[in-house]
Amino acid sequence: MKKRFLLLAASAAAASGCYDVESPTPPGIGSFRVVVQSVTAVTPSGGTLPLDVVPACISRFGGTRTEHVPLEARGKEDCRYVIPRGPVEMLVDVTALDKAGKPLDFNGPVSFKVVPGDLSGDDYSYYWMTLSRGRGLGKMRAQHIYGDVRVWAMDEPVKLNYANGAIKGDQTKLPKEPASRTYAAGASSPLLFAEPTLASVQTPQLYDNTTSPFVTKFVTVGRAPESGSILYQNCPAVDLDKDGKPDPQPPVTLLVTGTDPSGFFVTDITACRVPEDVSAAAQVAVPEPSGYLPGSYASMFVYNYSYPEGLDPGDLLWTLSGSIQEFTSTTQLTFPSWTVREHVRQLPLDQWDKYLKLNPPVEINLRHCGLKNELAYTNVDGLCGYYTSNLKMESLESGLVKVRHVRFPQVFKDCDFNGDGEVPFFCSKRGAWSFCGDVEPEDMDEIQCNIDCTIGTGAYQRTVCAERSQHTGYGQFVVEMTGPGPYAAGLDDSLPLRGQEVVLSNTQSRPIAKGYPEGEPITVWCDLDTYVRFGPSTATTATDKDTLLPAKTRRDVTVRAGEGYVAFLAKEAPSTPPPGSAPPRCFVGSSTRTRLMLVTQDAVPDLKVDCDENDADADSAQQCRFLRGATYDVVGHLRQVQPARPRWMVMPRDADDLCCHPGEGMECPRPLKSCE
């Protein structure tokens, strides 16, 4: 019975016939077709230039510049654009589509969005475009873009820029809002830019070391093998092995350089070297001889809110992810996650530092601090890297650095006269140190006290002084960097014109050209055994009856009245130097009194820096004399603290990061060891 009924139903369907009825397309916009026709870099003057592609792509096409790469190849997987340091301009073709995906006759404004990235600047004319009869061609400007980038067109109001509770930009350049919005949207195919590295997310877009261009952005640096392939650098091509072919690019190698109770420091040890910008806008006092910055912006502090369990100095990471933030103008990664490439503590003890050895600390010198290569003392000398335009120091931020022969404070002065636990910091105004912004009159004495102590002026001239409340509250204290002069003498040879040199003769006494004031500490150093005389003028003459200074022996003296000039006479005739080398000479120089900050309380808690040479305890008094009579080599992570003076601080990791050059007839203070 059931089979018969089914046959009757089938026969009825065949008799009546079958056909399709198309439902009408719902009215209104369904989406947008978005095509990016061109990408160009925006110059500081507002013009545009072709945007560079990664060096590997340029090499692949056998050229040396982006112009050698065909337009159609740029922005593809094997020819990604570089991460731009500034804004880019995109020519965008937008077509309105109905809900069936077909072109739609639509008239009205649509707004832009770029992911990842931001719309650039305050000119709202680059934030939107008008479609006429369903089509439009407009320009959009974006910044902070990296990786796989998509441009969106949206039927929604333009997103405004806000700062300090007010709208930025000219609102007259906003479109007239239509009666209604559909909030339809469409995205372009991905435009491929280089993937982020630690260096690319920290390189300043402008000449300002106080912030990262990617603040508030979530980034992932590196790539684990299980994701398909590891991430390689894209550095300018070099041929170090001289085989006529560009050397292969190294993989991104993330090294943990130190840990602390709230996170860890990491450095990309294969990061590309960064050419130094020496244009007038960069305000570089003295360019680096190599043509490259001393660092590569490739180090960062990862703020983990707690100790990073399972990580140790020397470990390698595959990936590092988190949100970019600024804390006291030091860039850091927050809410982090990471994947480990290698735990060195699982290796034999003698291999725990095998990767750390590949990342030697960069020695900070007076040139990095921003001093000029001239004999005259200038206001900038007192604080290393004071100005926010100093990118030499910024390129080293959060990386391992070293300072040599620094002097610890001789005096700790409490400038907190009102006992509120704070001492206002100071600023440079018209070439002089003064207060910052609006201050209460009763704070002026504290500010002047802080200036005199920190800079070494007034009552603390030629004295290394640290402000005590800064040390008590934060563990920070001022140290004075070594002065200019021969490196072998423990001095800084980065600015040769900071001192005075005299070519030696054994037949003619030769004096320095400019004298030093009474009370000035100076250093004398000669390449050969030399007779030395101090006198009142350039007429001062050295003879073989004067004090003999042995070759390559440092002599530190304080200028006495009427002895501001120095003359030299070689004991024996100088030999003829080889072609291209300098003849033997003597050097005279005084300290630039350049200071930076140090924090040792976590690394060496037993080292008492704020001590008393007249302590009632004889051992404590002696240890204090040892501490103040020595100079120190210090390795540590470099951090910027904008509200502090000085702004740059070195943070050693443990006692092994400090060593001592004891004073004459003295020892190193406990628990420090002598420098090898």
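Modeller: Strands (E, at least two residues) are DSSP runs numbered from the N terminus, and two strands pair if DSSP finds at least two bridges between them. The model is predicted: local features need pLDDT of at least 70 and side-chain atom pairs count only at pLDDT 80 or more, while totals for chains, interfaces and linings use all residues. Residues are numbered from 1 along each chain as its sequence is written, and side-chain values use heavy atoms, without hydrogens and water.

Colleague: How many residues lie between S1 and S2 in their hairpin?

Modeller: There are 5 residues between S1 and S2, and Gly 46 in the turn has a positive phi of about 100 degrees. The two strands run antiparallel and are joined by 3 bridges, with S2 covering residues 48-50.

Colleague: With which strand does S1 pair over 11 bridges?

Modeller: With S3. Strand S1 (residues 29-42) and strand S3 (residues 88-98) pair in the antiparallel sense. Ala 41 is a useful residue to look at here. Its bridge partner in S2 is Leu 49, and its bridge partner in S3 is Val 88.

Colleague: In what order do the 4 strands from S27 to S30 stand in their open sheet?

Modeller: The order is S27-S32-S29-S30, and the pairing is antiparallel. S27 (510-511) and S30 (547-549) are the edge strands; each has a single partner strand, so one side of each is left without a neighbour in the sheet. At the S27 edge, the pairing with S32 (residues 565-570) is antiparallel over 2 bridges. Pro 511 faces Ala 567 of S32 there.

Colleague: Which strands stand at the edges of the sheet that holds S26 and S31?

Modeller: That open sheet also has 4 strands with antiparallel pairing, in the order S26-S33-S28-S31. Strand S26 (500-503) and strand S31 (555-558) are its edge strands, each pairing on one side only. Inside the order, S28 (residues 521-526) and S33 (residues 585-590) pair in the antiparallel sense over 5 bridges. Within that pair, Val 524 stands opposite Val 588 of S33.

Colleague: Turning to loops, is Ser 188 buried or exposed?

Modeller: Buried means under 20% relative accessible area, exposed over 50%, and partly exposed in between (1.4 Å probe, protein chains only). Ser 188 has 5% and is therefore buried. The residue sits in the loop between strand S11 (185-187) and strand S12 (191-192). For contact (heavy atoms within 4.5 Å), leave out residues up to four places away in sequence: Ser 188 then touches Val 34, Val 36, Arg 150 and Val 151.

Colleague: What relative accessibility does Thr 270 have?

Modeller: The value for Thr 270 is 18%, so this residue counts as buried. Thr 270 lies in the loop between strand S15 (263-268) and strand S16 (299-303). Beyond four places in sequence, its contacts include Gln 233, Cys 235 and Pro 250. Asp 105, by contrast, is 165 residues from Thr 270 in sequence and 53 Å away in space, C-alpha to C-alpha.

Colleague: Which side chain of opposite charge is nearest to Asp 416?

Modeller: Lys and Arg count as positive, Asp and Glu as negative; His and the chain ends are not counted. The answer is Arg 468, 11 Å away; Asp 416 is buried yet has no salt bridge (a side-chain nitrogen of Lys or Arg within 4 Å of a carboxyl oxygen of Asp or Glu). Asp 416 is in the loop between strand S21 (411-413) and strand S22 (426-429). Setting aside residues up to four places away in sequence, Asp 416 touches Gly 421, Glu 422, Val 423, Glu 446, Glu 467 and Ser 469.
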